[in-house]
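Q: I am a first-year student, and I would like a close look at a single part of this protein rather than a tour of the whole. Could you take one helix and go carefully through its packing against its neighbours?

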Amino acid sequence: MWLMVVVLAFLLALRAFLESKKAQWRGCVYWFKMTYYVAISVYNYSILQNQDWLPKYLGGEGSERIWVAENDSRLDILFQVELAYHLHSMVVDIVVGAKVEMHIHHVVTVLLISMAMMMNYTRGASIVMLLHDIPDVFAALVKGAISIAFPWLVKSSFAAVVLSWFYFRLYLFGLLNWSVAYAPVPKWTVRVPFVALLVVLQCLQVFWFGMFFYMLFQSSTSGKVVDVSVKASAYPPDHSCSFTSPASSTRTPQTKVQKVH
């Protein structure tokens, strides 16, 4: 576990530095997150591609070997880095402040990763990681775009996060949860804790997906995008992103899209 300790220490130091600079370096925290999710997703996919034990809906054969203990150094690196990242996120959100559902998400994620490592069920858990990390690329991108007031990037990345969230975190993740719940192996006493935590995670994904449409409704009625995933401390106090053209702003008061908490 030495790698996890080293990575955790590095991430905490880096995040502390970025948090202290986020007022000057707009979106720096989110560009860091986006870079991480891109890198870890590429690394994870490089391990999973062409594995015959993948579920059929992910291009594999749907083999029960997904539950076979895997002694793969690449997966060990993946799990230690992912555990370090989510532990660092948990600590930062406690210090900086986050919504209750985010704290629940951190606890469930850390428990799932830890249990998978201890029981050596890293194959299935690595799929869960990939299905969650890909949409997070676009989630970080849209928040970074709002921080630097880049309207077209906000619109395009918001569309990307909604589509990727539905496909990876609701559809594919839902299929995976179903297969885990009804898998013939391992025995039910082992599956129940995993299924319980996966269901909590699935409920959070549904909740956040619904909030996307709440944000769209708020934007259409008030001209402001409401970010329900973070508190005000996550952004500089004066951040905003105008969707009004310069020409129209001379005729009517400018409407701004901003994070409201």
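A: What follows looks at helix H3 and its surroundings, after a few words on the protein as a whole.

The model is a predicted one, and its secondary structure comes to eight helices and two strands, which follow one another along the sequence in the pattern α-α-α-α-α-α-α-β-α-β. The protein has 261 residues, of which 50% count as buried, and its accessible surface comes to about 12900 Å², with 70% of that area belonging to carbon and sulfur atoms. If we take the contacts in the protein with a separation of 6 or more, residues 24 or more positions apart account for 74% of them.

Helix H3 covers residues 73-96, and the loop between helix H2 (28-48) and H3 is the place of Asn-50. The phi angle of Asn-50 is near 65°, a positive value in a residue other than glycine. Asn-50 counts as exposed because its relative accessibility is 77%, where the cut-off for exposed is over 50%.

We can now turn to the packing of H3 with helix H4 (100-119). The axes of H3 and H4 are 10 Å apart and make an angle of about 155°, and since angles over 145 degrees count as roughly antiparallel, the two helices are therefore described as roughly antiparallel to each other. Their crossing is left-handed. On the H3 side, the residues that make the contact include Phe-79, Glu-82, Leu-83, Leu-87 and Met-90, while among those on the H4 side are Met-102, Val-107, Val-110, Ile-113 and Met-117. Taken by class, the residues of this contact of H3 with H4 divide into 11 nonpolar, seven polar and two charged.

Helix H4 also holds Met-115, which is buried because its relative accessible area is 13%, and the cut-off for buried is under 20%. If residues up to four places away in sequence are not counted, Met-115 touches Pro-193, Phe-194 and Leu-197. Between Met-115 and Ala-125 there are 9.5 Å in space, C-alpha to C-alpha, with the two residues 10 positions apart in sequence. In the loop between H4 and H5 lies Asn-120, another residue that is not a glycine and yet has a positive phi, of about 65°.

The packing of H3 with helix H5 (residues 122-147) has another geometry to consider, with an angle of about 50° and axes 11 Å apart. H3 and H5 are therefore oblique to each other, and their crossing is left-handed. From H3, the residues Leu-75, Leu-78, Phe-79 and Glu-82 make the contact, and from H5 they are met by Thr-122, Ala-125, Ser-126, Met-129 and Asp-133. This contact of H3 with H5 has five nonpolar, two polar and two charged residues.

One further link brings in the start of the chain, where helix H1 (residues 2-21) contains Leu-8. Leaving aside residues up to four places away in sequence, Leu-8 touches Ala-84, Leu-87 and His-88. Leu-8 and Glu-82 are 74 residues apart in sequence, but in space they lie 9.6 Å from each other, C-alpha to C-alpha.

Terms used. Residues are numbered from 1 along each chain as its sequence is written. This is a predicted model: local features need pLDDT of at least 70, side-chain atom pairs count only at pLDDT 80 or more; totals for chains, interfaces and linings use all residues. Side-chain values use heavy atoms; hydrogens and water are left out. Axes are lines fitted to C-alpha atoms, for helices over the stretch in contact, and angles run from 0 to 180 degrees between N-to-C directions. Helices (H or I, at least four residues) and strands (E, at least two) are DSSP runs, numbered from the N terminus. Angles under 35 degrees count as roughly parallel, over 145 as roughly antiparallel, 65 to 115 as roughly perpendicular and the rest as oblique. A crossing is left-handed if the near helix is turned anticlockwise from the far one by less than a right angle, and right-handed if clockwise. Contact means heavy atoms within 4.5 Å. Ala, Val, Leu, Ile, Met, Phe, Trp, Tyr, Cys and Pro count as nonpolar, Asp, Glu, Lys and Arg as charged, and the others, Gly among them, as polar. Buried means under 20% relative accessible area, exposed over 50%, partly exposed in between (1.4 Å probe, protein chains only). Accessible areas come from the Shrake-Rupley method with a 1.4 Å probe; for residues, only the protein chains shown count as cover.
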